[in-house]
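Student: I have a structure open and would like to understand the labels people attach to it. Could we go through the reasoning behind them together?

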Amino acid sequence: MAVGQGGKKYLGTVDLGGSKILSVIAEGDGRRLGEDRRTTSAEEGPEVVLERIGVSLETALANAGVQRGDLAAVGICSPGPCDIDAGVISSAPNLPDWRDVPICRYLEERLGVRACLENDANAAAVGEHVYGAGRGCRHLIYITVSTGIGGGLIIDGRLYRGATGVAGEIGHMTVEPDGPVCGCGNRGCLEAFGSGTAIAARGEELVAQGGSPLLVRLAQEQGGLTAAIVGQAAEAGDSASRDIIQRAGYYLGVGLASYVNIFNPEVIIIGGGLAKMGELLLGPARAEMEARAMPEALKAVQLKPAELGDYVGVMGMVALLREATRA
Ligand SMILES: [Zn+2]
């Protein structure tokens with residue numbers, strides 16, 4: 001499928017994460033031709049990481065057998081708030097020292113093509129809508145549950161960004177007014193209860209109290225305590241670990257119930273690393289959502305796991321670039 005002008009039909013996409021960079025070269029119909037993965041090493045600062053992103057895209061081009069001159073556009077998705085009109089990453093929670101980084105200008109100068117920027121959760125919502133679990137839906141909510149909790153909204157078939165591009169931040173919905181302080185500065189956000197960071201913190205507390213010999217052993221074997229390890233202990237029958245995951249699922253369901261009432265979606269897609277826990281986390285979330293949301297809104301909604309895995313962000317950028325390059 002031809003996109004862009006002058007027969008340039010290939011799209012370059014990058015998912016910039018706190019720990020890794022994924023670059024993919026795709027055709028306009030979403031077919032992936034080549035990719036490159038490397039670690040972000042964010043501690044080296046924005047200048048070094050920008051160079052690394054450029055090299056990653058060029059490596060993906062070489063792997064795809066595509067010339068730089070045949071790119072119609074490049075698109076990058078990034079965590080945290082970004083000014084998509086200016087092509088500037090305003091700040092990023094997992095990228096220390098990233099303040100007002102003009103990433104689009106850098107890529108445009110390096111590659112000689114137009115560059116677009118989008119928040120990663122928004123890109124993921126578009127990816128699942130166009131290529132994944134939300135195909136054919138008009139009203140869709142995407143939620144990523146990993147270190148933090150992010151989200152994106154598709155309303156009437158279109159990405160809804162809000163006035164300043166931060167719409168859909170379900171992770172920062174207050175679920176306990178007097179709860180712990182969240183990374184955003186507010187008290188009692190969903191992220192402070194339902195994220196991987198929150199689950200790992202509860203696991204640490206459990207271990208400190210000597211509450212779960214299995215969790216202690218798994219953490220020792222694997223050199224640290226993560227949400228995934230708490231999930232493993234829960235799967236293996238450890239009831240205290242299961243309680244931690246269920247509590248996280250409960251709060252996720254509290255947040256989802258409000259979303260269901262406010263947006264009346266057809267589908268809520270759960271992605272991110274913690275979605276791999278499946279029903280262990282989603283079961284309690286679904287139960288709480290169903291207990292709280294309005295029956296008329298619940299009738300329409302399905303809770304589904306994401307389909308695109310690691311590619312969700314880049315596939316969203318493919319769809320957004322297709323739209324942006326359609327003259
Ligand atoms: Zn917050």
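Tutor: Gladly! Keep in mind that this is a predicted model. Let's start with a pair of helices: H8 passes H9 in a right-handed crossing.

Student: What makes H8 and H9 oblique to each other?

Tutor: Helix H9 covers residues 279-292, and H8 packs against it at an angle of about 40°, with the axes 6 Å apart. Roughly parallel would need an angle under 35 degrees, and roughly perpendicular runs from 65 to 115. The angle of about 40° fits neither class, and H8 and H9 are therefore oblique to each other.

Student: And why is H7 called oblique to H8?

Tutor: Helix H7 spans residues 227-235, and its angle to H8 is about 125°, with their axes 7 Å apart. Perpendicular stops at 115 degrees and antiparallel begins over 145, so H7 is oblique to H8. This time the crossing is left-handed.

Student: Which residues of H7 and H8 meet there?

Tutor: From H7 come Val230, Gly231, Ala233 and Ala234, and they meet Ser241, Arg242, Ile244 and Ile245 in H8.

Student: What part does H8 have in the largest nonpolar core?

Tutor: H8, residues 239-263, supplies eleven residues, the largest share of this core. The core has 50 residues, and those touching the most other members are Ile143, Ile170, Ile199, Ile245, Leu256, Ile268 and Ile270. Another core lies apart from it, with 31 residues, among them Ala124, Ala133, Val267 and Ala319.

Student: What does Ile268 touch?

Tutor: Leaving out residues up to four places away in sequence, its partners include Ile141, Ile143, Leu256, Val260 and Met289. Val301, Gln302, Leu303 and Lys304 are also among them.

Student: How do you know whether Ser56 is buried or exposed?

Tutor: Buried means under 20% relative accessible area. Ser56 has 0%, so Ser56 is buried. This serine lies in helix H1, residues 46-64. Beyond its neighbours within four places in sequence, Ser56 is in contact with Ile21, Ser23, Asp36 and Arg38.

Student: How far is Ser56 from Ile244?

Tutor: The two are 188 residues apart in sequence, and their C-alpha atoms are 39 Å apart in space.

Student: Why are Cys184 and Cys189 put in separate classes?

Tutor: Cys184 has 44% relative accessibility, so it counts as partly exposed, which is the class between 20% and 50%. Cys189 has 0% and therefore counts as buried.

Student: How many disulfides are there?

Tutor: A search of the whole structure finds zero. To count, a pair of cysteine sulfur atoms would have to lie within 2.5 Å.

Student: What makes the phi of Ser41 worth a remark?

Tutor: Most residues other than glycine have a negative phi, so a positive value deserves a second look. Ser41 is not a glycine, yet its phi is positive, about 45°. You will find Ser41 in the loop between strand S3 (32-39) and H1.

Student: Where is Asp156, and why is it called partly exposed?

Tutor: Asp156 sits in the loop between strand S10 (149-155) and strand S11 (158-160). Its relative accessibility is 46%, so it counts as partly exposed. Asp156 also has a positive phi, near 55°, in a residue other than glycine.

Methods:
Residues numbered from 1 in each chain as written. Predicted model: local features only at pLDDT ≥ 70, side-chain atom pairs only at ≥ 80, totals over all residues. Heavy atoms only, no water. Buried < 20%, exposed > 50% of the residue type's maximum accessible area, 1.4 Å probe, protein only. Core = buried A, V, L, I, M, F, W, Y, C linked by side-chain atoms within 4.5 Å. Helix = DSSP H or I, 4+ residues; strand = E, 2+ residues; numbered from the N terminus. Contact = heavy atoms within 4.5 Å. Axes fitted to C-alpha atoms, helices over the stretch in contact; angles between N-to-C directions. Left-handed = near helix turned anticlockwise from the far one by under 90°.
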